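Student: I would like a close look at one part of this model, the pocket and the side chains around it. Please begin with burial, then work through the contacts.

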Amino acid sequence: MNLYENLEYIAGGERIDLLLQDKNLRIERITSSKAPSGPYNQFEDEWVLVLEGWAILEISGKKVKLTKGDNYFIRSFTEHSVLETSEKCLWLCVFVTTREDGMVNTG
C-alpha cells in the first residue's frame, strides 16, 4: 500500500486505515479534516508523524503544534486531544501495547 494513495478526507471527521496489527503493535494511517477529537488516555504508547498538513494537540495540558514532517511520542496513560487540524491532515500513527495482558483502550 502506498501511504499517499486512496486518501479519503471526511468533512469534520477522521478516517482510520489499519495498515498493520501484530501482537503488541498497530500502525494506522489517519486522515483528519479540521476535526477535534479526544480526549484520549490509552494503554498504548503512541508515536505520531504528520505526513501532510498540520495539527494542534493538547498533551497533558500543553499545546503542541505539529507540521509536515514533525513527530511526537505520547506515553501510555498520557491524556491527549487533537484540538485542530488543517483541512487535510495526514498522519502515520504507531501504537505499542506495553501491558503484559494486552489490554488496549483506543478512546
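Tutor: I59 is buried, because its relative accessible area is 7% and the cut-off for buried is under 20%. The residue sits in strand β5, which covers residues 54–59. Keep in mind that this is a predicted model. From I59 to E14 the separation is 45 residues in sequence. In space, their C-alpha atoms are 19 Å apart.

Now the pocket. The largest one has a volume of about 290 Å³. Its lining is made of 19 residues. E14 is among the closest to its centre, together with I30, Y40, E46 and F95. Six strands each give two or more residues to this lining. They are β1 (14–22), β2 (25–32), β3 (37–40), β4 (44–52), β8 (80–85) and β9 (89–97). Sorted by class, the lining has 10 nonpolar residues, five polar and four charged.

Take F95 next, one of the residues closest to the pocket centre. R26 lies over the face of the F95 ring. The distance to the ring centre is 4.0 Å. R26 has a second partner, E28: their side chains make a polar contact at 2.8 Å. E28 belongs to strand β2. Is E28 buried or exposed? E28 is buried, since its relative accessible area of 9% falls under the 20% cut-off. So R26 links two parts of this picture: the ring of F95 and the buried side of the contact, E28.

A second charge sits over a ring elsewhere. K65 lies over the face of W54. Here the distance to the ring centre is 4.9 Å.

Last, the ring pairs. How many aromatic pairs are there? The count is one. F43 and F77 form it, with an edge-to-face arrangement. The ring centres are 5.1 Å apart, and the planes meet at 85°. That angle is why the pair counts as edge-to-face: the class needs over 60 degrees. The two residues come from distant parts of the chain, 34 residues apart. F43 is in the loop between β3 and β4. F77 is in the loop between β7 (71–74) and β8. F77 is partly exposed, because its relative accessible area of 47% lies between the 20% and 50% cut-offs.

Definitions and conventions. Residues are numbered from 1 along each chain as its sequence is written. This is a predicted model: local features need pLDDT of at least 70, side-chain atom pairs count only at pLDDT 80 or more; totals for chains, interfaces and linings use all residues. Side-chain values use heavy atoms; hydrogens and water are left out. On a 1 Å grid over the protein atoms alone, a cavity is a set of points where a 1.4 Å probe fits but cannot get out, and a pocket is an open set with protein on both sides within 12 Å along at least five of seven lines; lining residues have an atom within 4 Å of a point. Grid points are joined across faces, edges and corners, and a volume is the space filled by probe spheres set on the points. Helices (H or I, at least four residues) and strands (E, at least two) are DSSP runs, numbered from the N terminus. Ala, Val, Leu, Ile, Met, Phe, Trp, Tyr, Cys and Pro count as nonpolar, Asp, Glu, Lys and Arg as charged, and the others, Gly among them, as polar. Rings of Phe, Tyr and Trp (its six-membered ring) pair if their centres lie within 6.5 Å; planes under 30 degrees apart count as stacked, over 60 as edge-to-face and the rest as tilted. Buried means under 20% relative accessible area, exposed over 50%, partly exposed in between (1.4 Å probe, protein chains only). A charge sits over a ring if NZ of Lys or CZ of Arg is within 6 Å of the ring centre and within 35 degrees of the ring normal. A polar contact is a pair of N or O atoms within 3.5 Å; within protein, one must be able to donate a hydrogen and the other to accept it, and residues adjacent in sequence count only if both atoms are side-chain atoms.
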